[in-house]
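The following paragraphs go through one part of a chain, moving between its strands and helices. Please keep the sequence and the coordinates at hand while reading.

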Amino acid sequence: MERYSMFIDGQEVQDASGRTIESLNPYSGKPWALVPDGSEADVDRAVRAARHAFDKGPWGQMTATQRGALLRKLGDIIARDAEELATIESRDNGKLYREMLGQWKYIPEWFYYYAGMADKLQGDTIPSDRPNFFIYTRREPIGVVGAITPWNSPMLLLTFKLAPGLAAGCTFVVKPSEHTPVSTLELAKRIQEAGFPAGVFNVVTGMGKIGAALVSHPDVDKIAFTGATETGKVIAAAAAKNLTRVSLELGGKSPNIVFDDADLDVAANGAIAGIFGATGQTCMAGSRLLVQESVHDRLLERIVERTKQIRLGDPMHEDTEMGPVSNEPQLRKVLEYIDVARADGATCAYGGGLDPTLGGYFVQPTIFSNVTNDMRIAREEVFGPILSVIKFKDEDDAVEIANDTRFGLAAAVWTQNVHRAHRVAHRLRAGTVWVNAYRVVSFAAPFGGFKESGLGRENGMDSIREFTETKSVYVELSGAPRDPFKLG
Ligand code: NDP
């Protein structure tokens, strides 16, 4: 079994108590790595290291151009090791190796993109209404960032925060999910190899309490969180006590809308990609398939036929299409929702249980038809391979059903009518809308949520700005004494 250490102040460290957590490989169901079960004291050490690196270390003295050069070097190292890192992440979360490899090959692009932007972040000179004052602004890094990540795509979701945050000049304490901590620890080694000063990047592993300690730590300036909506609410409330800034990338129940003028083969493919890709364990999963009545039966038939052929198996094999559910609590949750859907009167058109041949954490790709939007299966995030198929009459009906949710992360529209495509895209209350596509993300585009899907992230320079505060500087020009009792 592999044994890992936490990473604090440039050192590999164990928890003082010596306690560990086993990280399971969801394909074999067996533990493959041991990581420290960190404590609040470790969080405190890591935050102090990040604070020191920010306030007193060489990091704070570096120019933005030098920070950009380090980010570029990190991108090169990740690109060099993409296969190894993808193998590790696939082993830890059970997602397909080829999907993880795609992510790891894309991650360097994020670092290159933000590397180039690090020294383009400028303040403004303000046209002053005070004749004796020259006023300008500076964008200052916000300080110590606590990053908390989920298990489904640990490194991609950390990169969303890390690349703009490091470009801005922040330092980080990261708490990865207890289910998938290893890739973040592997990243720490590469960050050190790239030459980032000690304390700029720290990782504390352990259970949810580690995240809670990070959120309530008075020396953390910003929490960047990705995870479930319910956890996000707890974090927002806890962060409010110290007025710590927060960004929240949360859950979804995204509508995938197929109109009767869509190419049904293409749409069927998109429906399958939307829900069975990554075993449905993506925040943007197209878990509600809204289909116009006139093509409902034809489309459902095509989707069921293709779903029957989905190849489940070893995530490391090139021809596997769907891997296991990532961990045991998630498996229980998925199976519970299958029962809920049945009890609420939905019809199981395919699947509906554990895979009989593979067992373990393998759930059959499952399709429920005759779902209405008031059923729990249509309202609550499952985060697994369960598709709810809902009929609609016309465009207004589709938009109403699509927006009738507490989430607003993503949506898709399938139609060959260009007017309808844009019209509907504009009416959907979702942070990302795809037209005749599903599950595409770009470092160059914002990715965010409406409603309870969180605050999301901006793109490019705006994303770097989220890791900064603006400071106004007033410079007196005359040098003459001023009336001490007069404002302005
Ligand atoms: P959780 O919210 O359960 O956990 C996310 C992280 O928060 C984990 O590291 C967890 O630690 C930690 N955590 C748990 N409780 C607390 C707490 N009280 N204070 C601070 N941190 C805490 O989410 P999952 O890991 O189950 O991930 C799945 C969820 O993530 C889904 O809802 C999905 O939609 C969402 N997600 C959103 C994305 C987006 O961009 N909008 C992208 C990907 C996923 P531990 O694991 O140790 O309990």
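Axes here are lines fitted to C-alpha atoms, for helices over the stretch in contact, and angles run from 0 to 180 degrees between N-to-C directions. The model is a predicted one.

With that definition, consider helix H13 (residues 395-403) and helix H14 (residues 418-427). Their axes come within 10 Å and cross at roughly 35°, and H13 passes H14 in a right-handed crossing. On the H13 side the contact involves Glu395, Asp396, Val399 and Asn403, which meet Arg420, Arg423, Val424 and Arg427 in H14. By residue class, this contact of H13 with H14 has five charged, one polar and two nonpolar members.

H14 also packs on a sheet. The helix lies across E13, E14, strand E18 (410-414) and E19, and runs at about 160° to E18. The sheet itself is open and has seven strands, in the order E15-E16-E17-E14-E13-E18-E19, with mixed pairing. Strand E15 (347-350) and strand E19 (432-435) each have a single partner strand, so one side of each lacks a neighbour in the sheet. On average, neighbouring strands of this sheet are turned by 25° against each other, direction ignored.

Strand E14 (residues 288-292) has partners in two strands. Strand E13 (residues 255-258) pairs with E14 in the parallel sense over four bridges, and Asn256 has Leu289 in E14 as its bridge partner. Between these two strands the chain passes through helix H9 (residues 264-276), and the β-α-β crossover from E13 to E14 is right-handed. E14 is also joined by five bridges to strand E17 (residues 386-392), and these two run parallel. There, Leu290 has Ile390 in E17 as its bridge partner. E17 in turn pairs with strand E16 (residues 366-369), again in the parallel sense, over three bridges, with Phe368 opposite Ser388 in E17.

How many residues of E14 are buried? Buried means under 20% relative accessible area. Five of the five residues of E14 meet this condition, so the strand is largely enclosed by the rest of the structure. The burial applies to both faces: Arg288, Leu290 and Gln292 are buried on one side, and Leu289 and Val291 on the other.

Two helices that lie across E14 can be named. Helix H10 (residues 293-308) lies across E13, E14, E15, E16 and E17, and runs at about 135° to E14. H14 is the other, with E14 among the strands that it lies across.

Notes
Residues are numbered from 1 along each chain as its sequence is written. This is a predicted model: local features need pLDDT of at least 70, side-chain atom pairs count only at pLDDT 80 or more; totals for chains, interfaces and linings use all residues. Side-chain values use heavy atoms; hydrogens and water are left out. Buried means under 20% relative accessible area, exposed over 50%, partly exposed in between (1.4 Å probe, protein chains only). Two strands pair if DSSP finds at least two bridges between them. A crossover is right-handed if, with the strands pointing away from the viewer, the path from the first strand over the helix to the second runs clockwise. A crossing is left-handed if the near helix is turned anticlockwise from the far one by less than a right angle, and right-handed if clockwise. Contact means heavy atoms within 4.5 Å. Ala, Val, Leu, Ile, Met, Phe, Trp, Tyr, Cys and Pro count as nonpolar, Asp, Glu, Lys and Arg as charged, and the others, Gly among them, as polar.
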